[in-house]
Amino acid sequence: MKDTPLQFAVIGLGHIGKRHADLILRRDDCHLVAACDIRSLDKLDICGDFSFYSSVEDMLDAHSDLDAVCICT
């Protein structure tokens, strides 16, 4: 069993993507590392300590150690 939290990213922060991000942020055994959306972060209603990207490629290049990616597009 893994001792460190699972490292997550979310692609797409619409209704379902925000729900995924919120649930990840609430769990102690998970860590939201990064999120990606075509809209800017200031236009989205989401808070948390994670890196934000407008490009999937940039996000994946910066975070090659992710355990899971939720694709919510």
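Here are some numbered notes on the predicted model of this protein chain.

1. Overall fold. The protein chain has two helices and four strands. Read from the N terminus, these elements follow the order β-α-β-β-α-β. The radius of gyration is 11 Å, close to the 11 Å that the globule rule gives for 73 residues, so the chain is as compact as a globular protein of that length. If you are setting up a frame for it, the C-alpha atoms fill a box of roughly 35 × 25 × 20 Å along the principal axes.

2. Burial and surface. Of the 73 residues in the protein chain, 37% count as buried. Its accessible surface comes to about 4900 Å², and carbon and sulfur atoms account for 51% of that.

3. Contacts along the chain. Take the contacts between residues at least 6 apart in sequence: 53% of them join residues at least 24 apart. Points 6 to 8 below look at some individual residues with this in mind.

4. Charges. On the side chains, the protein chain carries 7 positive and 13 negative groups. The centres of these two sets lie 9 Å apart.

5. Cysteines. How many disulfides does the model have? The count comes to zero. For C30, the closest cysteine sulfur is in C70, and at 9.0 Å it is too far for a bond, given that a disulfide needs the sulfur atoms within 2.5 Å. C36 gives a similar reading: its sulfur is 11 Å from the closest cysteine sulfur, in C72, which is again too far for a bond. As for cover, C30 counts as buried because its relative accessibility is 13%, under the 20% cut-off. C36 also counts as buried, at 3% relative accessibility.

6. A21, in a helix. A21 sits in helix α1, which spans residues 15-26. Is this residue buried or exposed? With a relative accessibility of 0%, A21 counts as buried. Leaving aside residues up to four places away in sequence, A21 touches V10, L13, L32 and I46. Another pair worth a look is A21 and G48: they are 27 residues apart along the chain, and their C-alpha atoms are separated by 9.0 Å.

7. S55, in a loop. S55 belongs to the loop between β3 (51-53) and α2 (56-62). Its relative accessibility is 17%, so S55 counts as buried, the cut-off being under 20%. Along the sequence, S55 and I11 are 44 residues apart, while the C-alpha to C-alpha distance between them is 9.4 Å.

8. I71, in a strand. Where does I71 lie? I71 is part of strand β4, residues 68-71. I71 is exposed, because its relative accessible area of 63% is over the 50% cut-off. In sequence, I71 and G12 are 59 residues apart; in space, they are 6.7 Å apart from C-alpha to C-alpha.

9. To take away. The picture is of a predicted chain with the element order β-α-β-β-α-β and zero disulfides. For a quick check in your viewer, you could start with A21 in helix α1, then turn to S55 in the loop between β3 and α2, and end with I71 in strand β4.

How values were computed. Residues are numbered from 1 along each chain as its sequence is written. This is a predicted model: local features need pLDDT of at least 70, side-chain atom pairs count only at pLDDT 80 or more; totals for chains, interfaces and linings use all residues. Side-chain values use heavy atoms; hydrogens and water are left out. The radius of gyration is taken over C-alpha atoms; the globule rule is 2.2 Å times the number of residues to the power 0.38. Buried means under 20% relative accessible area, exposed over 50%, partly exposed in between (1.4 Å probe, protein chains only). Contact means heavy atoms within 4.5 Å. Accessible areas come from the Shrake-Rupley method with a 1.4 Å probe; for residues, only the protein chains shown count as cover. Lys and Arg count as positive and Asp and Glu as negative; His and the chain ends are not counted. The place of a charge is taken as NZ of Lys, CZ of Arg, CG of Asp or CD of Glu.
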